[in-house]
Amino acid sequence: MSELTGGDLVLEIPTDIHSISGAVDYVLSRCSASEVSARKLNLNFRVGLTEALTNAMMYGNDHDPSKSVVIEVVMGRDHVQATVRDQGSGFDPRSVPDPTLPENLTRSYGRGLFLMRELLDELWFNDCGNEVTLILRAESCSTFEGGASA
Amino acid sequence: MSFQVSKVNDVTVIEVDGQLIVGNRNELKKEVLEKIELGEQTFVIDFANTAYIDSSGLGVLVSLSKKIREHGGELRLSSLSEDLRTLFELTKLDTLFRIAEDREQALEGF
């Protein structure tokens, strides 16, 4: 994991699913000055960032260790924002089925994007789908209320 | 993550310490599959000391539950924190699993 210049915090990490937890812990440790509560950071933001990195490494970079993922974090007074970019060709987030539908409930995959949408306030993809931006605000109605529409 | 395996009557109890995430989910899967191969049928996975489960961890639990049922058994979960329970509720997996308040309650009626 290397820290780059630009933004509040920019990290480049190699594609290795074992590095995700440490990278997320590091980003969260740098967000403590935000007005977003520790509980929301530790659940909503942790889940969102973990799932974004997992998708980037497993599906975007297809587990290729020669490829890397860049995380760019902006710490606003009333929000935290992370952009995760992989080196894959992207995907269409609208093509991912709802994992809570009865026919999908027993699938062993496909819940990451759903959790991101549920737990973050905003979720934005670039046009080709290899970059996602997560925004969590301090002023959400409750600890777990997100509801991004992307 | 580490886990401790014990046996209470005929039930295999697995305590998960730390995080159940994409980087370690296969360790738990391997452990349970080995127990199934040995003929074990009833399982409780206890999350009293689990800080976090990601979507890959949830997926492994779904996969193991299916496999255990195919062998005529049952998987129950116990001791979810409020945050973990929220993840199960959001994904509606609370409708798929029998989730007990604690290990003792999970063991009742097996």
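The legends below describe close-up views of a predicted model containing chains A and B.

**View 1. Overall make-up of chain A in the predicted model.** Chain A contains three helices and six strands, and these elements follow one another along the sequence in the pattern β-β-α-α-β-β-α-β-β. Of the 150 residues in chain A, 49% are buried, while the accessible surface of the chain comes to about 6,900 Å², with carbon and sulfur atoms contributing 49% of that area. Among the contacts in chain A with a separation of 6 or more, 62% join residues that lie 24 or more positions apart.

**View 2. Packing of helices H2 and H3 in chain A.** Two packed helices are described by the angle between their axes and the distance between the axes. For H2(A) and H3(A) the angle is about 150 degrees and the axes are 9 Å apart, and H2(A) passes H3(A) in a left-handed crossing. The residues that H2(A) brings to this contact are A:Asn44, A:Val47, A:Gly48, A:Glu51, A:Ala52 and A:Asn55, and they meet A:Gly112, A:Leu113, A:Leu115, A:Met116 and A:Leu119 of H3(A). Sorted by class, the contact between H2(A) and H3(A) is made up of six nonpolar, four polar and one charged residues.

**View 3. Surroundings of A:Val84 in strand E4 of chain A.** A:Val84, which is found in the strand spanning residues 79–85, counts as buried because its relative accessibility is 3%. When neighbours within four places in sequence are left aside, the residues in contact with A:Val84 include A:Leu49, A:Ala52, A:Leu53 and A:Ala56, together with A:Val69, A:Val70 and A:Ile71. The same list of contacts for A:Val84 also holds A:Asn130, A:Glu131 and A:Val132. A:Ala52 thus appears both among the contacts of A:Val84 and among the residues of H2(A) that meet H3(A). The C-alpha atom of A:Val84 is separated by 13 Å from that of A:Thr15, a residue 69 positions away along the chain.

**View 4. The interface between chain A and chain B.** On the chain B side 24 residues are in contact with 24 residues of chain A, and the area buried between the two chains is about 2,100 Å², of which carbon and sulfur atoms give 64%. Within chain B, the residues that lose the most area to chain A are B:Val22, B:Tyr52 and B:Leu90, which together account for 25% of what that side buries.

**View 5. Helix H3 of chain B and its cover.** In this helix, which runs over residues 82–90, the buried residues are B:Asp83, B:Leu84, B:Thr86, B:Leu87, B:Phe88 and B:Leu90. Their cover includes elements of chain A, namely helix H2 (38–60) and helix H3 (112–119), and from chain B it includes strand E4 (50–53), helix H2 (55–70), strand E5 (74–78) and strand E6 (98–100). B:Leu90, one of the buried residues of H3(B), is also one of the chain B residues that lose the most area to chain A.

**View 6. Positive phi values at B:Ser79 and B:Lys92.** Most residues other than glycine have a negative phi, and most peptide bonds are trans. Phi of B:Ser79, in the loop between E5 and H3 of chain B, is near 60 degrees, and this residue counts as buried because its relative accessibility is 15%. B:Lys92 lies in the loop between H3 and E6 of chain B, just after H3(B), and takes a positive phi of about 65 degrees. With a relative accessibility of 41%, B:Lys92 counts as partly exposed.

**View 7. B:Ile68 and B:Leu38, a buried and an exposed residue of chain B.** B:Ile68 lies in helix H2 of chain B and is buried, its relative accessible area being 2%. Apart from neighbours within four places in sequence, B:Ile68 is in contact with B:Val32, B:Ile36, B:Gln41, B:Phe43, B:Gly73, B:Glu74 and B:Leu75. The C-alpha atoms of B:Ile68 and B:Leu33 are separated by 8.6 Å, although their positions lie 35 residues apart along the chain in the sense of sequence separation. B:Leu38, in the loop between helix H1 (25–37) and strand E3 (42–46) of chain B, is exposed with a relative accessible area of 66%. Its C-alpha atom is 30 Å from that of B:Ala51, which is 13 residues away in sequence.

Methods: Residues are numbered from 1 along each chain as its sequence is written. Chains are lettered from A and ligands numbered from 1 in the order in which they are written. This is a predicted model: local features need pLDDT of at least 70, side-chain atom pairs count only at pLDDT 80 or more; totals for chains, interfaces and linings use all residues. Side-chain values use heavy atoms; hydrogens and water are left out. Helices (H or I, at least four residues) and strands (E, at least two) are DSSP runs, numbered from the N terminus. Buried means under 20% relative accessible area, exposed over 50%, partly exposed in between (1.4 Å probe, protein chains only). Contact means heavy atoms within 4.5 Å. Accessible areas come from the Shrake-Rupley method with a 1.4 Å probe; for residues, only the protein chains shown count as cover. Axes are lines fitted to C-alpha atoms, for helices over the stretch in contact, and angles run from 0 to 180 degrees between N-to-C directions. A crossing is left-handed if the near helix is turned anticlockwise from the far one by less than a right angle, and right-handed if clockwise. Ala, Val, Leu, Ile, Met, Phe, Trp, Tyr, Cys and Pro count as nonpolar, Asp, Glu, Lys and Arg as charged, and the others, Gly among them, as polar. Buried area is the accessible area (1.4 Å probe) that two parts lose on being put together, summed over both.
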